[in-house]
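User: I'm new to reading protein structures and would like some practice. Could we go through one together, feature by feature?

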Amino acid sequence: MNYNEKAASNIEIISYYSGVIIFGTALLMLIPIFFTIVCFEFAPLIDFIISFCITMLVGLGLMLFGKKTQIQNATTQWKHGYIIAAFTWILLMMLCAIPYSLSGHTKSFLDSCFDVMSGFTTTGLLLTQDLDHLSIGLNMWRHLLTFIGGQGMIVLALSFVSNQASGAYRLYVGEAKDIELVPNVVGTAKIIWKISMIYLGIGTAALWITGMVIGLNPITAFFHGFYMFASAWSTGGFSPMTQNMMYYHSLTYEIICLIILVLGSFNFGLHYAVWQGNRKEFIKNIETRSFFITSIISCALILRWLTKLNVYPDAIADFRRVIFNVLSAHTTTGFTNIYARQYALEWGDIGVLIMVIAMLIGGSACSTAGGFKGLRVAMVFKAIIVDIKKLLSSERNVKVYKYHHIKDCILEDSGVKSSAIIILCYIVLFAIGTILGIFCGYPMGSSAFEAASATGNVGLSIGVTSLSTPAILKIYYIVAMYMGRLEFISVFALIGFVIKGVKKICKRY
């Protein structure tokens, strides 16, 4: 580096790495472009070519603006990682919404952005219209965004676009992922993708064959197999058909999707440990224990409640509806085999309340799932138990308390405190969404259900999310999905950076 040359500024570093990620996303558009050509869908082809050119230009422009970062091989700091993650997700939301908007299947650009953020955050709430007649290209794009969003846009960039390991971990953590499967974070990103691609092959094949067995033609069965796998593995909830899981009328199809979505909600570290031959990790891990305990309690309570109300004709119907929907909510997937309003009209207040709690708890940390995460809930719960034990034991009895998550970890106050703060942030976000829903004229139960679904990145709807939803509520749900997925820290860092920049400008003038 020439010492007379000024070092790359924060904005140039942020601009360069954001440009790299956006450039990589532009290349992803080549996949739907390929399918629109193969399927002779010329109108969507033009939409995607326009979107590709705009996205590519924005990515190259940002990289060019921050080129000093590459020339000087500038090191990224923690703040850069957080800000890049938060800033890139907003830019990508708008750029990836262009094909939606040009297709004419959304009422406004806001609705297009809503669906893209829902896909990126693996939520699954949607405002796209005439879903049953969507082009293959746009359907492919919707599910591709969900699949990529589940693994992480930055994880993708680290795996395939960026060759720079310097500061890579800071970018990786900025997207709310912190597990290190191997010492090199680029290697970790590649392992995450390897795990996902192996499941992609197996899961799509299983759904493809099942689709043909239940009467779909081979080509349709293949595309539906890919779409449903992408949604289930990413705990996304998008479906190619309006009726979601009900379209298939198949218990086998539901069971395969259920297995995939539960696997998708587990920590990538757990998958890697089991693949390495450490099968006991599945039993010992505090997160899987927490997930199975809360799932069993939630299912048992709703089953008891619905049996009392006599909602379904027999026990098989009870189990099929309850287990599928509760696990879909708890893993933050959003697939459903009942109609949206049935939650409010048939499941009653108790059913809605338990679903809200399950959606807020969510799946595992460093997985494709949303919510508080089972790890944080388990840590806070264990800390409460430990405090009670300390109160009842002798002051001379000093004991170190541990929990098992991939390895034995000491239960430290700092870890419990940070878990409690994140849980509190989720609850505040959920509470504001519920109050705003009530203010917009929706019943309290429905407002709470939809707010929990958006905050926890679930995607189940009780009927609030629709074309007629007030714009302010749509915007709030976008913010809730975004903050919930990035787990607040990155967004707070971006807000702080912007405020600091504005203050500097105000002082200068």
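User: Let's start with one residue: is Val116 buried or exposed?

Analyst: Keep in mind that this is a predicted model. To call a residue buried, we look for a relative accessible area under 20%. Val116 has a relative accessible area of 0%, so it is buried. This residue lies in helix 7.

User: Which residues is Val116 in contact with, apart from its neighbours within four places in sequence?

Analyst: Those are Leu92, Met93, Cys96, Ala97, Tyr100 and Leu145. For a sense of scale, look across to Asn397: it sits 281 residues from Val116 along the chain, and their C-alpha atoms are 54 Å apart.

User: Helix 7 has Asp111 in it too. Is Asp111 buried or exposed?

Analyst: Use the accessibility again: Asp111 is at 0%, so it counts as buried. Leaving out residues up to four places away in sequence, Asp111 touches Thr106, Leu127, Leu467 and Lys474.

User: Let's zoom out. How many helices and strands does the protein have?

Analyst: The count is 24 helices and 2 strands. To judge the overall packing, compare the radius of gyration with what the globule rule gives: both are 23 Å for 509 residues, so the protein is as compact as a globular protein of that length. Along the principal axes, its C-alpha atoms fill a box of roughly 75 × 75 × 50 Å.

User: What share of the residues is buried, and what share of the contacts joins residues 24 or more positions apart?

Analyst: Buried residues make up 57% of the 509. Taking contacts with a separation of 6 or more, 75% are between residues 24 or more positions apart.

User: Now a whole helix. How do I check the length of helix 12, and how many of its residues are buried?

Analyst: Compare the end-to-end reach with the value expected at 1.5 Å a residue. Helix 12 covers residues 218-233, and its first and last C-alpha atoms are 22 Å apart, close to the expected 22 Å. As for cover, 12 of its 16 residues are buried, among them Phe223, Phe226, Tyr227, Phe229 and Trp233.

User: What can I see at the two ends of helix 12?

Analyst: At the start, a side-chain oxygen of Asn217 comes within 3.1 Å of the backbone nitrogen of Ile219. Just after the helix, Thr235 has a positive phi of about 50°.

User: What covers the buried residues of helix 19?

Analyst: The cover includes helices 16, 17, 18, 20, 21 and 22. Helix 19 is mostly covered, with 10 of its 14 residues buried; among them are Gly348, Val352, Met355 and Leu360. Its ends are 20 Å apart from first C-alpha to last, close to the 20 Å expected. Next comes Gly362, with a positive phi near 75°.

User: What about helix 24: which of its residues are buried?

Analyst: Ser490, Val491 and Leu494 are the buried ones. They cover an arc of only 105° around the axis, which puts them on the same side of helix 24. The face turned away from that side carries the exposed residues Lys500, Lys503, Lys504, Cys506 and Lys507. The length works out too: the 20 residues of helix 24 should span 28 Å, and its end C-alpha atoms are 29 Å apart, which agrees.

User: How many disulfides does the structure hold?

Analyst: It holds 0. The way to check is to look at the distance between sulfurs. Take Cys257: the closest cysteine sulfur is in Cys299, 17 Å away, which is too far for a bond. Cys257 is also buried, with a relative accessible area of 0%. Cys409 counts as buried as well, at 16%.

User: One more, this time in a loop. What does the side chain of Ser461 make a polar contact with?

Analyst: Its partner is the side chain of Glu450, at 2.7 Å. The Ser461 side chain also reaches the backbone nitrogen of Gly463 at 3.0 Å. Ser461 sits in the loop between helix 22 and helix 23. With a relative accessible area of 19%, Ser461 is buried, and its contacts beyond four places in sequence include Leu125, Ala340 and Tyr343.

Terms used
Residues are numbered from 1 along each chain as its sequence is written. This is a predicted model: local features need pLDDT of at least 70, side-chain atom pairs count only at pLDDT 80 or more; totals for chains, interfaces and linings use all residues. Side-chain values use heavy atoms; hydrogens and water are left out. Helices (H or I, at least four residues) and strands (E, at least two) are DSSP runs, numbered from the N terminus. The expected span of a helix is 1.5 Å times one less than its number of residues. Buried means under 20% relative accessible area, exposed over 50%, partly exposed in between (1.4 Å probe, protein chains only). The arc is that of the directions from the helix axis to the C-beta atoms. A disulfide is a pair of cysteine sulfur atoms within 2.5 Å. A polar contact is a pair of N or O atoms within 3.5 Å; within protein, one must be able to donate a hydrogen and the other to accept it, and residues adjacent in sequence count only if both atoms are side-chain atoms. The radius of gyration is taken over C-alpha atoms; the globule rule is 2.2 Å times the number of residues to the power 0.38. Contact means heavy atoms within 4.5 Å.
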